[in-house]
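Visitor: I have a model open on my screen and would like to know how its labels are justified. Could you walk me through it?

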Amino acid sequence: MKLSGSEALVHALEQLGVQHIFGLPGDHTHLYDAIYKSRIKHVLVRHEQCAAHMADGYARVSGRVGVCDGANGPGVTNLLTGIAEAFTDGIPIVAIASNIRLGARGRGCFQEVDQLNIFRPVTKEVIDVQTVARIPEYVRRAFQIAATGKPGPVLLNLPLDVIREQHDYSDRELHVDSQWGFWPPLRPRAESSVINMAAKILAQSKRPILWCGGGAMAAHAWPQISALARFHKIPIVTTFMGKGCIAENDWLCAGTVGQLGKRAANELALEADLIVAIGSRFSNLDTANGKIPGPSTKVIQVNIDPSELGNNVRSDLNIWSDARLFAEDLAAALRAEGIDKIGEYTQAYLEQRHQAWMDEYTRFPIDGNTVDSNHLHPGTAIRVLNETLQEDDVLICDSGFNQIWGGQYFNVKFDGRGYIGPRGFGVMGFGLPAAMGAKTAMPNKRFIALCGDGGFAMVFHELETSARHQIPVVVVVFNNRNLEYIKETQRQHFQSRFISVDFHDIDFAGIAGQLGCYGVRVRTETEFREALELALSRDKTTVIDVVTPESAKPDRYI
Ligand SMILES: Cc1ncc(C[n+]2csc(CCOP(=O)(O)OP(=O)(O)O)c2C)c(N)n1
Ligand SMILES: [Mg+2]
């Protein structure tokens with residue numbers, strides 16, 4: 001069949017089940033014309049960084065590989081920050097990068113930049129397409145690499161002359177296997193001897209915990225992991241990336257662990273004699289810079305990326321496996337040995353720990369944080385979110401204190417991805433576009449972006465995108481009129497010599513109105529509750545600008 005490179009590309013994307021692409025055009029109009037003639041919907045954004053975040057949010061909730069695009073030169077470099085977030089969080093995205101003509105390379109022509117090398121450190125692979133006949137093959141390869149192993153982004157670099165060229169494709173050249181459009185498409189399994197060893201160590205432990213990270217979520221392993229925990233009564237702590245691996249109102253869940261985590265989880269992790277870490281790389285935040293696990297705690301580390309095993313924390317048993325298969329296989333091994341309850345923890349003890357964590361947020365405002373009738377404390381706002389949101393609503397956080405408020409106190413009420421955050425890279429501006437991407441993938445679910453005023457101001461232009469494409473989300477902005485996460489450091493360590501952390505007050509509700517969305521500014525619990533309930537019932541994006549005290553900060557235990 002005779003097709004242009006662009007048409008072959010779109011044909012390949014269709015075979016992979018791609019339904020949406022987020023991006024902004026440039027010289028690759030040829031590709032846009034091919035999309036125009038296809039079943040794929042193009043979501044025009046206002047800034048390419050947001051296109052990458054949208055593809056990221058889309059991928060996280062849907063189990064599909066996210067797709068975004070940018071125009072040669074600045075459009076592609078604008079994608080970079082969003083792609084770096086996906087890389088550090090292990091989220092599969094294919095970034096379609098148009099590039100100047102292959103024939104013009106090296107002559108410093110308009111918009112020439114070394115896209116290939118700029119993206120190498122933040123992608124699993126950079127694919128430079130040089131032959132029109134191989135476009136479908138390269139598309140397949142991009143998706144396959146993005147989705148398999150530890151997922152992550154791939155840059156598909158497409159010179160303009162290659163996508164404009166015509167080629168008479170054979171059926172074989174055109175065929176792309178649809179399995180690579182979804183993740184994880186394949187799951188590696190550990191040998192049974194290793195699983196048996198893990199079962200033995202676990203059965204002998206007295207205070208075991210499961211420690212679940214982003215890899216557990218990437219493997220969609222929450223049904224198997226929560227079943228394992230519930231059957232054998234093993235408590236779970238999660239990293240921020242693993243939050244929701246078991247419903248947080250379950251007494252077996254002790255909450256988020258690490259430097260920004262909660263007391264209950266950290267204490268449990270420190271007193272554990274065995275940590276079974278599933279899909280966690282033991283990052284510096286999660287180990288509180290090496291304070292957890294304690295020196296006498298045994299560690300079994302399970303990861304799909306063998307280079308993570310024993311990398312940050314000494315591990316007594318390394319298991320190279322998909323998280324879901326590991327949980328399944330371990331459960332089967334324990335069953336085969338007739339092992340029922342594991343460890344010495346009593347339900348009463350774990351329940352009391354869980355309750356202590358649950359009670360904490362209901363006590364806000366605490367710790368001397370200033371609050372008056374003109375300001376709503378973020379802790380109170382989280383309580384209102386917990387009381388108002390329904391079981392399968394999803395909170396998507398930004399970077400800054402808002403993410404920590406959400407990570408520590410938001411209560412995921414089901415086993416699964418009820419909380420999403422930019423954990424690996426901590427990029428400001430993630431919340432709104434990631435929520436829009438998620439909503440595009442799952443239009444029947446409700447997504448609530450929780451942002452700081454600093455992060456939201458970097459991306460609020462996408463409200464217009466949300467109005468134009470009818471992608472309704474709820475945005476809650478904790479508006480403290482400053483970069484409080486940084487300001488607190490200046491307060492603590494620089495004797496409050498504040499520099500470049502304070503803004504003028506922006507009324508984001510007013511901006512939302514200008515951009516075709518609803519907006520409301522609230523200052524009290526009642527106003528927030530009413531605004532939230534209304535926002536959740538609407539089919540248009542609402543921004544709730546919550547006027548918070550300037551210096552409210554979440555707890556840090558470790
Ligand atoms: C793009 C980007 N720039 C800078 C930072 C460094 N940084 C981390 S948190 C933060 C402050 C965030 O302020 P805001 O969004 O208002 O949230 P708050 O901490 O006030 O709740 C900054 C500047 C970052 N993470 N990302
Ligand atoms: Mg702020």
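Visitor: Where is P293 placed?

Guide: P293 sits in the loop between strand 12 and strand 13 (298-303). Please keep in mind that this is a predicted model.

Visitor: What makes the peptide bond between I292 and P293 a special one?

Guide: The bond that joins I292 and P293 is cis, with omega at about -5°. A cis peptide bond also joins W183 and P184, again with omega at about -5°. P184 belongs to the loop between helix 8 (171-174) and helix 9 (192-204).

Visitor: What is noted about the phi of F282?

Guide: F282 is not a glycine, yet its phi is positive, about 55°. This residue lies in the loop between strand 12 and strand 13.

Visitor: How do you know that strand 9 and strand 10 pair?

Guide: Pairing asks for at least two bridges between two strands. Strand 9 (residues 208-212) and strand 10 (residues 236-238) are joined by three bridges and run parallel, so they pass the test for a pair. For one bridge to look at, take C212, whose partner in strand 10 is T238.

Visitor: What is the strand order of the open sheet that holds this pair?

Guide: The order is 11-10-9-12-13-14, six strands with parallel pairing.

Visitor: Why are strand 11 and strand 14 said to stand at the edges?

Guide: Strand 11 (253-256) and strand 14 (317-320) each have a single partner strand, so one side of each has no neighbour in the sheet. From one strand to the next, the twist averages 15°.

Visitor: Which helix packs on this sheet?

Guide: Helix 12 (residues 263-271) does, touching strand 9, strand 10, strand 11 and strand 12 (274-278). The direction of helix 12 makes about 110° with that of strand 11.

Visitor: Which order do the strands take in the sheet with strand 3 and strand 6?

Guide: That open sheet has six strands in the order 3-2-4-5-7-6, and the pairing is parallel. Strand 3 (41-44) and strand 6 are its edge strands: each has a single partner, so one side of each lacks a neighbour in the sheet. Here the twist averages 25° from one strand to the next.

Visitor: How many bridges support the pairing of strand 6 and strand 7?

Guide: Strand 6 (residues 125-128) and strand 7 (residues 154-159) share four bridges in the parallel sense, and D128 stands opposite N157 of strand 7. The chain passes from strand 6 through helix 6 (residues 135-147) to strand 7, a right-handed β-α-β crossover.

Visitor: What makes that crossover right-handed?

Guide: With the strands pointing away from you, the path from the first strand over the helix to the second runs clockwise, and that is why the crossover gets its name.

Visitor: How many bridges join strand 5 to strand 7?

Guide: Six bridges join strand 5 (residues 93-99) to strand 7, and the two run parallel. In one of them, S98 has L158 as its partner.

Visitor: Which domains are assigned to the protein chain?

Guide: The assignment gives domain 1 (2-181), domain 2 (192-351) and domain 3 (363-547). The C-alpha centres of domain 2 and domain 3 are 30 Å apart. Their contact takes 16 residues from domain 2 and 14 residues from domain 3.

Visitor: Which residues are closest to ligand 1?

Guide: G400, G452, G454, E484 and Y485 are the closest of the 19 residues that surround ligand 1. The shell divides into seven nonpolar, nine polar and three charged residues.

Terms used
Residues are numbered from 1 along each chain as its sequence is written. Chains are lettered from A and ligands numbered from 1 in the order in which they are written. This is a predicted model: local features need pLDDT of at least 70, side-chain atom pairs count only at pLDDT 80 or more; totals for chains, interfaces and linings use all residues. A residue is near a molecule or strand if its C-beta atom, placed from the backbone, lies within 6 Å of it. Ala, Val, Leu, Ile, Met, Phe, Trp, Tyr, Cys and Pro count as nonpolar, Asp, Glu, Lys and Arg as charged, and the others, Gly among them, as polar. Domain bounds come from an automatic or database domain assignment. Two residues are in contact if their C-beta atoms, placed from the backbone, lie within 7 Å. Axes are lines fitted to C-alpha atoms, for helices over the stretch in contact, and angles run from 0 to 180 degrees between N-to-C directions.
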